[in-house]
Amino acid sequence: MHRGIPYTLVGGVKFYERKEIKDILAYLRLVANPKDSVSNKRAEKLGKTRFANFCQLAEKIMSDEGRVLMDKKELTTLYLLDKVVQTTKYLEFFDQKNEDDLARLENIKELRSVATEFPNLFEFLEQVALVEAAQSPKNSESSNNGKVTLMTAHSAKGLEFEVVFIVGLEEGLLPHSRSLMNQEELEEERRLVYVGITRAKCLLYLSYAQKRLIFGQRGSSMPSRFLGEIPNHLFESSALVGIKKNNYELYDIDF
């Protein structure tokens, strides 16, 4: 999106169409525009008490003093997002022992990452609107020629492409942090990487970030163990230095 590269998303629910994301965006849109009737209706459906608490918060934020602080970027998008979630007790909707709810909580954390890139609330909402417009059915149904196709490894099964990029090959992402202590889940992650690798007909790019902004915080990343399992002679160009499978034995479990 930042580079203006056209793309099409295959499979799954688009990020800004997920319920938990739309709920929080409704609150934030009401902060920016109290007359937004669509967002108002959605926020009210989340609970009368939640909505009443939110209205008190929004009134303080949109006061003359609050607007001054927002103009000075002292009331950042991230601060407002966190304050809305805290005030409405929105996270009480989710059970941290439920896998689906854990995924929804991670989506909310990822929204925080986006918020850090746009400290001004109005600029943040404008960026969201641009992304939503680009992902609208009208644009999605147009010709895919010249577009990058984004998909999960699950969605790629049975397909082939001239060029394939597998990104995020980092410990905690691929393999996912929740699979590191479970050998069966770790093997499933390994199979998914194999699926991704074998989708490429001509060129395959495997990449990882040394530093990544995730859940609103920037931190160092460790290359995925799966990279270390690929023989070095198969790499045409590599920035990997001394990555060995036994570096990760701490996480492996024998049954």
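**Exercise 1.** State in which strand L203 lies, and describe the nonpolar surface patch to which L203 contributes.

*Solution.* Step 1: in this predicted model, L203 belongs to strand β4. Step 2: together with V163, F165, V167 and Y205, L203 makes a nonpolar surface patch of about 490 Å². Step 3: at least two residues of the patch come from β3 (161-166), and at least two come from β4 (200-206).

**Exercise 2.** Determine how the axes of helices α1 and α5 are oriented towards each other, and name the residues through which the two helices meet.

*Solution.* Step 1: the axes of α1 (residues 19-32) and α5 (residues 77-88) come within 10 Å and cross at roughly 110°. Step 2: angles of 65 to 115 degrees count as roughly perpendicular. Step 3: α1 and α5 are therefore roughly perpendicular to each other. Step 4: α1 contributes I24, Y27 and L28 to the contact, while α5 contributes L80, L81, V84, V85 and T88. Step 5: seven of these residues are nonpolar, one is polar and none is charged.

**Exercise 3.** Describe the packing of α5 with α6 and the character of the residues in contact.

*Solution.* Step 1: the axes of α5 and α6 are 8 Å apart, and the packing angle is about 150°. Step 2: angles over 145 degrees count as roughly antiparallel. Step 3: on the side of α5, the contact involves T77, L78, L81 and D82, and on the side of α6, L111, R112, A115 and T116. Step 4: the residues of this contact divide into four nonpolar, two polar and two charged.

**Exercise 4.** Examine the backbone at K89 and at P175, and locate each residue.

*Solution.* Step 1: K89 is a residue other than glycine with a positive phi, near 55°. Step 2: K89 is placed in the loop between α5 and α6 (99-117). Step 3: the peptide bond joining L174 and P175 is cis, with omega about 10°. Step 4: P175 is situated in the loop between β3 and α10 (183-197).

**Exercise 5.** Explain which parts of the chain the salt bridge of E170 and R212 ties together.

*Solution.* Step 1: side chains of opposite charge can pair when their charged atoms come close. Step 2: the structure holds twelve salt bridges. One of the salt bridges joins the side chains of E170 and R212, at 2.6 Å from N to O. Step 3: E170 lies in the loop between β3 and α10, whereas R212 lies in strand β5 (residues 211-214), so the pair ties together parts that are 42 residues apart in sequence.

Note on methods:
Residues numbered from 1 in each chain as written. Predicted model: local features only at pLDDT ≥ 70, side-chain atom pairs only at ≥ 80, totals over all residues. Heavy atoms only, no water. Axes fitted to C-alpha atoms, helices over the stretch in contact; angles between N-to-C directions. Helix = DSSP H or I, 4+ residues; strand = E, 2+ residues; numbered from the N terminus. Parallel < 35°, antiparallel > 145°, perpendicular 65-115°, else oblique. Contact = heavy atoms within 4.5 Å. Nonpolar A, V, L, I, M, F, W, Y, C, P; charged D, E, K, R; others polar. Patch = residues over 30% accessible without salt bridge, like charges linked within 9 Å, V, L, I, M, F, W, Y side chains within 5 Å. Areas by Shrake-Rupley, 256 points an atom, 1.4 Å probe, with all protein chains shown as cover. Salt bridge = Lys/Arg side-chain N within 4 Å of Asp/Glu carboxyl O.
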